[in-house]
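Here are my comments on the model you sent, set out as numbered points. Please read them with the sequence and the structure open beside you.

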Amino acid sequence: MRYKLTLQYDGGRYHGWQKQPHEPMTVQAAVEEAASRVTGVRTAVTASGRTDEGVHALGQVAHFDSDKALPTDRYVAALNHWLPCDIRVTDCTVVPDTFDARKSAKRKTYAYRMYTGETENPLRRTRETFIGRADVRKMKDAASLFVGVHDLKAFMSSGSSAKTTIREIYASDVTEEGTSVVFRVTGNGFLYNTVRIMAGALIRLGKGGDAVIAEALKSGDRRLVPDIAPPEGLYLERVEYPETV
């Protein structure tokens with residue numbers, strides 16, 4: 001039987017989602033260890049996608065297979081019992097065997113959280129990125145440029161294994177939420193470091209840099225948008241699937 005999990009985690013002390021041969025501190029390793037304890041056998045857990053070192057999740061989705069037919073609420077409680085306190089399962093459902101957390105995903109929404117001000121707040125440093133003084137209106141206007149079908153080659157770090165750099169962005173906006181500034185973007189997929197590079201370009205613009213986002217989208221020139229915003233401001237908020245799931 002296949003189970004679909006929704007997870008939240010603080011990525012601050014983890015080396016990303018994906019297991020690594022010589023690095024035990026990954027989110028996947030922790031979730032698989034918990035799942036194996038609950039099911040009684042070694043259990044592989046597949047996520048909708050990797051999150052990098054230091055990146056957080058409010059709505060990561062993953063799946064695993066098990067012959068242990070516990071009620072889904074029992075799975076939630078049992079997994080959380082074995083998970084560290086900075087990783088939590090918030091939902092568990094039974095899905096068809098054809099469901100794949102990564103391959104079945106249709107839309108993902110990321111949020112990049114920042115805050116302005118005169119001085120950095122030490123209590124926010126692992127949750128949001130301090131950007132000092134910035135023209136938020138200018139950032140908001142520029143964020144809309146990402147909407148549409150684009151070649152995102154300029155907004156990708158080297159090392160990506162993607163077969164194509166064409167992606168569709170359905171929504172992109174910058175909002176002020178209390179004392180936070182949030183860049184939120186929804187697309188059918190993202191490349192390596194894309195959202196952090198987008199955020200870096202918006203931060204540079206808001207702090208008086210040149211308006212080069214449209215040119216970077218058109219030319220694919222990575223040199224136009226050199227900044228990668230720090231990982232602590234990035235959150236995977238939501239992964240969406242077909243209604244049949």
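How many cavities of 30 Å³ or more does a search of the whole structure find?

1. The model is a predicted one, and the search through the whole of it finds one cavity of 30 Å³ or more. The volume of the largest cavity is about 50 Å³, and its lining is made up of G200, A201, R204, L205, D210, V212, I213, L224, V225, P226 and D227. When these lining residues are sorted by class, seven are nonpolar, one is polar and three are charged. Helix 4 supplies the largest share of this lining, namely four residues.

2. The largest pocket should be looked at separately, and the space in it comes to about 1300 Å³. It is lined by 40 residues, of which G49, R50, R102, K108 and F190 are the closest to its centre. Two or more lining residues come from each of helix 1 (27-39), strand 2 (46-47), strand 5 (107-116) and helix 4 (194-206). Among the elements, helix 4 gives the most to this lining, with three residues. Divided by class, the lining of the largest pocket holds 13 nonpolar, 16 polar and 11 charged residues.

3. Which residues of the largest nonpolar core touch the most other members? The core has 69 residues, and those with the most such partners are I87, F146, F155, F183 and L202. Helix 4 also appears here, giving the most to this core with eight residues.

4. I87, named in the previous point as one of those core residues, can be followed further through its contacts. If its neighbours within four places in sequence are set aside, I87 is in contact with L7, Q8, Y9, Y14, V27, A30, V31 and N80.

5. Is N121 buried, partly exposed or exposed? N121 is counted as partly exposed because its relative accessible area is 28%, a value that lies between the limit of under 20% for buried and that of over 50% for exposed. This residue sits in the loop that runs between strand 5 and strand 6 (129-132), and its side chain reaches the backbone nitrogen of L123 at 2.8 Å.

6. A last point concerns the placing of N121 relative to G209, since the two can be compared both along the chain and across the fold. They are separated by 88 residues in sequence, while in space the distance from C-alpha to C-alpha is 24 Å.

Note on methods. Residues numbered from 1 in each chain as written. Predicted model: local features only at pLDDT ≥ 70, side-chain atom pairs only at ≥ 80, totals over all residues. Heavy atoms only, no water. 1 Å grid on protein atoms, 1.4 Å probe; cavity = no way out; pocket = protein on both sides within 12 Å on 5 of 7 lines; lining within 4 Å. Points joined across faces, edges and corners; volume = space filled by probe spheres on them. Nonpolar A, V, L, I, M, F, W, Y, C, P; charged D, E, K, R; others polar. Core = buried A, V, L, I, M, F, W, Y, C linked by side-chain atoms within 4.5 Å. Buried < 20%, exposed > 50% of the residue type's maximum accessible area, 1.4 Å probe, protein only. Contact = heavy atoms within 4.5 Å. Polar contact = N/O pair within 3.5 Å; in protein donor to acceptor, adjacent residues only side chain to side chain.
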